[in-house]
Amino acid sequence: GGGETRVRVERMFGLMDRFLKSDPSSLQKDILDHVEYTVARSRFSFDDFEAYQALAHSVRDRLIERWHDTQIHFKKKDPKRIYFLSLEFLMGRSLSNSVINLGIRDQYADALKELGFEFEVLAEQEGDAALGNGGLARLSACQMDSLATMDYPAWGYGLRYQYGLFRQVILDGYQHEQPDYWLNFGNPWEIERVHVTYPVKFYGTVEDENFNGGKRKVWLPGEMVEAVAYDNPIPGHGTRNTITLRLWAAKPSDQIDMESYNTGDYINAVVNRQRAETISSVLYPDDRSYQGKELRLKQQYFFVSASLQDIIRRFKDSHSNFDDFPEKVALQLNDTHPSLAIAEVMRVLVDEEHLEWNRAWGIVCKIFSFTTHTVLPEGLEKVPVDLLESLLPRHLQIIYDINFDYIEELKKKIGLDYDRLSRMSIVEDGAVKSIRMANLAIVCSHTVNGVSRVHSELLKTRVFKDFYELWPHKFDYKTNGVTQRRWIVVSNPSLSALISKWLGTEAWIRDVDLLAGLQEQAANVDLHEEWRMVRKVNKMRLAEYIEAMSGIKVSVSAMFDVQIKRIHEYKRQLLNILGIIHRYDCIKVAYAILILFQNMEKSDRTKVVPRVCIIGGKAAPGYEIAKKIIKLCNAVAEKINNDPDVGDLLKLVFIPDYNVSVAELVIPGADLSQHISTAGHEASGTGNMKFLMNGCLLLATEDGSTVEIIEEIGEDNMFLFGAKMHEVPALRVKGPTLKVPLQFASVVRMVRDGYFGFQDYFESLCDKVEGGNDFYLLGYDFQSYLEAQAAADKAFVDQEKWTRMSILSTAGSGRFSSDRTIEEYAEKTWGIEPCKCPF
Ligand code: GL4
């Protein structure tokens, strides 16, 4: 009936008529209809959460329209597509972002007002989609927004975890983890595709088939689960294009294993089947470390296999020759997590599509690009061969075969340098024989990208030096970026309006380089006044949140000094806390002097610039030292915040359960933010870019993308300190003999002596930074850290200077939009072009 249906539908609706209207009364009607028919509440009585649900469904309807049109358009044009494979996407909330990208936020706000609801209040009802750990996962989300906005024919593929990143609860200052069962209240932003399912196979045995020079094999799997697609439409801004983030959920397979049913144990047979769902049940909360767990490997293969079946099916819809595959398909490996895709493409082409091995290999070498996000060796995944052999026996063979051919070629090029050959091998012959996923990805990808310039230098000179020397042309970098749609327009609407007013256009929302236009106005006193006003209102919003959450009252005239990110030794939250202890000590000394000399030194105390120090972030559940850092922060906060000698001069707040929506609230309210990793450890960092866009000044080390920020805004416009990247290795060698400033020894002493309690518990933390163990150079950097802090205090007192620096920060942030990153990837790595949906 397809043809008939079409004729009828076309008769019923004029072409434009079929679209939902977005004037306030149409929106009201749609919302109320959803209250009644979707949420199933009475139109006359529904609460904020139900109103949010109805609102979300009415937005979803509008997303679906555009999304359909986009998919139809892509299908018709058949451009080369980019498939972005990532095990993590940190989307956060969707409502505000969607209506802003659709250009109908104000219409919704008006419509709701008449119904007696406030848009902002309903938006707060939404929970975060936290299907990722940190920077890497949020980067994927920002890049999806840019891909949609810039009309690229793109698909994101990932896993639909039932439990996202754990919720952090602080009890007595300690972190506790609680499961994030985020789908409990339904998820209006996804569309379940019950018909888009693929079988995914595991375990079993491999049998020979004597074709194809013996390379073609038959895999007889031992277990089969079903992957079901859940589509999340991602709307672009100022375009009709709406692309797909397709997340897979595991379900029991349709193919029933009659055997177990016939044995008569029906109940247990059903229970066993249900276990399939565990594959997509929970996100691994340790970023930057890999433990060789079977479930994790299952997750990786599950999402890779389903995604590739989907991609290959789409290709075969309109193509019959696999030699055209590289002209139509680009596969992006977001870190090593999806690198089994390489072996999987080989397996499908050789075993299932019956291509000859070398022809398949030629195709594989043209389609993959790989981006690595770390410099830490523990971040490089190694999969034990035993594990791979049992779970994916055919893939292990393929990897061995790839490695054999590659090593033979390598010998021809570099000779029999066995040390180098073994370093470069995909297979590691260690105590535990394992597969080096990064080596696999590098060997098989046409491009290896780093995430900032200095990261790329480190890859070339250290981490992947051998490979760089062999294939210099493969190595490149695309400095990370963040989307100004979410990180200014959604999270800081008043700054957004102010920018548009002063630039005389909203075009910067799609063309972020226009922000540079603010430079000319950086000294304008009228702008200064409005700028300060916007910032103050944001600080008030943050102060209210702090009070509601922790009971701590903070003064908005104090400097809000923020460090929010995953807790990690290399990120040096401990340096921040020790600096706060030092500040506390100085205030106490000044107070003692004041009392002693009765007012003589009063000026000293008034010279102290009041601060509110805010720290937030989660520690991986098994990362003991990171958890101790959280406890120390809370213990120090307890002491300082309750010390009457200190008052408003210093407050320390630990913000629990840091996530995307907390970041959206905190960043616009920050005066100063800290990005203080030991130089050479942060591959890029993206938080720094979000703060920069919002006019927050940075106190930072010259690490990761900060190096490029310095080039954009100048070192005078921020507070830099610390050992330089090239100095770090030598400083480490000198380690035990390095001179450490007295102040450092004395603040560590305070912690050791139990000044903040929990003496025994903090001992191992103190040991980490003293006695020659100070790997991250906290002691060495302490002096210059305090100097940078003093410089920040001095600048803050001069509000005119501070405001100019703040404006120049926003003005100089254009380079750090993910729009720029994505354009570079599209042109230089993926070879794709925009494909814009009409009307
Ligand atoms: C990370 C890096 O640590 C971080 O510097 C970078 O900004 C981010 C995105 O490229 O990727 N790598 C891992 S693992 N987690 C990250 O956040």
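Helices (H or I, at least four residues) and strands (E, at least two) are DSSP runs, numbered from the N terminus. Residues are numbered from 1 along each chain as its sequence is written. This is a predicted model, in which local features need pLDDT of at least 70 and side-chain atom pairs count only at pLDDT 80 or more, while totals for chains, interfaces and linings use all residues.

**Exercise 1. Glu-800 and Ala-227**

Task: Find which helix holds Glu-800, and work out whether Glu-800 is buried or exposed.

Solution:
- Start with the rule: a residue is buried if 20 or more other C-beta atoms, placed from the backbone, lie within 10 Å of its own, exposed if 12 or fewer, and partly exposed in between.
- Glu-800 is part of helix α33, residues 799–811.
- Glu-800 has 11 C-beta neighbours inside 10 Å, so it counts as exposed.
- Along the chain Ala-523 is 277 residues away from Glu-800, yet their C-alpha atoms are separated by 8.5 Å.
- Now try Ala-227, in strand β10 (residues 223–235). Ala-227 is buried because 27 other C-beta atoms lie within 10 Å.
- Ser-280 is 53 residues from Ala-227 in sequence, and the C-alpha to C-alpha distance is 9.4 Å.

**Exercise 2. Strand β1 and its partners**

Task: Describe which way the residues of β1 point and how β1 pairs with β12 and β4.

Solution:
- β1 covers residues 81–85, and five of its five residues are buried.
- Arg-81, Tyr-83 and Leu-85 point one way, while Ile-82 and Phe-84 point the other way.
- Two strands pair if DSSP finds at least two bridges between them.
- With β12 (residues 329–334), β1 pairs in the parallel sense over five bridges; here Arg-81 has Val-329 as its bridge partner.
- With β4 (residues 154–159), the pairing is also parallel, over four bridges, and Phe-84 is matched to Gly-156.

**Exercise 3. An open sheet**

Task: Explain why β14 and β15 each have one side without a neighbour in the sheet.

Solution:
- The open sheet has three strands in the order β14-β16-β15, with antiparallel pairing.
- β14 (382–384) and β15 (427–428) stand at the edges with a single partner strand each, so one side of each has no neighbour in the sheet.
- Three bridges link β14 to β16, residues 434–436. In β16, Arg-436 is the bridge partner of Lys-382.

**Exercise 4. The length of α15**

Task: Check whether the end-to-end distance of α15 agrees or disagrees with its expected span.

Solution:
- The expected span is 1.5 Å times one less than the number of residues.
- For the 22 residues of α15 (residues 393–414) this gives 32 Å, and the end C-alpha atoms are 31 Å apart, which agrees.
- Buried residues in α15 include Arg-394, Leu-396 and Ile-402.
- Gly-415 follows α15, with a positive phi near 80 degrees.

**Exercise 5. The largest nonpolar core**

Task: Name the residues with the most contacts inside the largest nonpolar core.

Solution:
- A nonpolar core is a set of buried Ala, Val, Leu, Ile, Met, Phe, Trp, Tyr and Cys residues joined through C-beta atoms within 7 Å.
- The largest one has 228 residues, and Tyr-83 and Val-636 have the most contacts inside it.
- Helix α23 (residues 573–597) gives this core its largest share, 10 residues.
- At least three core residues come from each of domain 1 (78–93 + 128–479) and domain 2 (491–723 + 789–816), with bounds taken from an automatic or database domain assignment.
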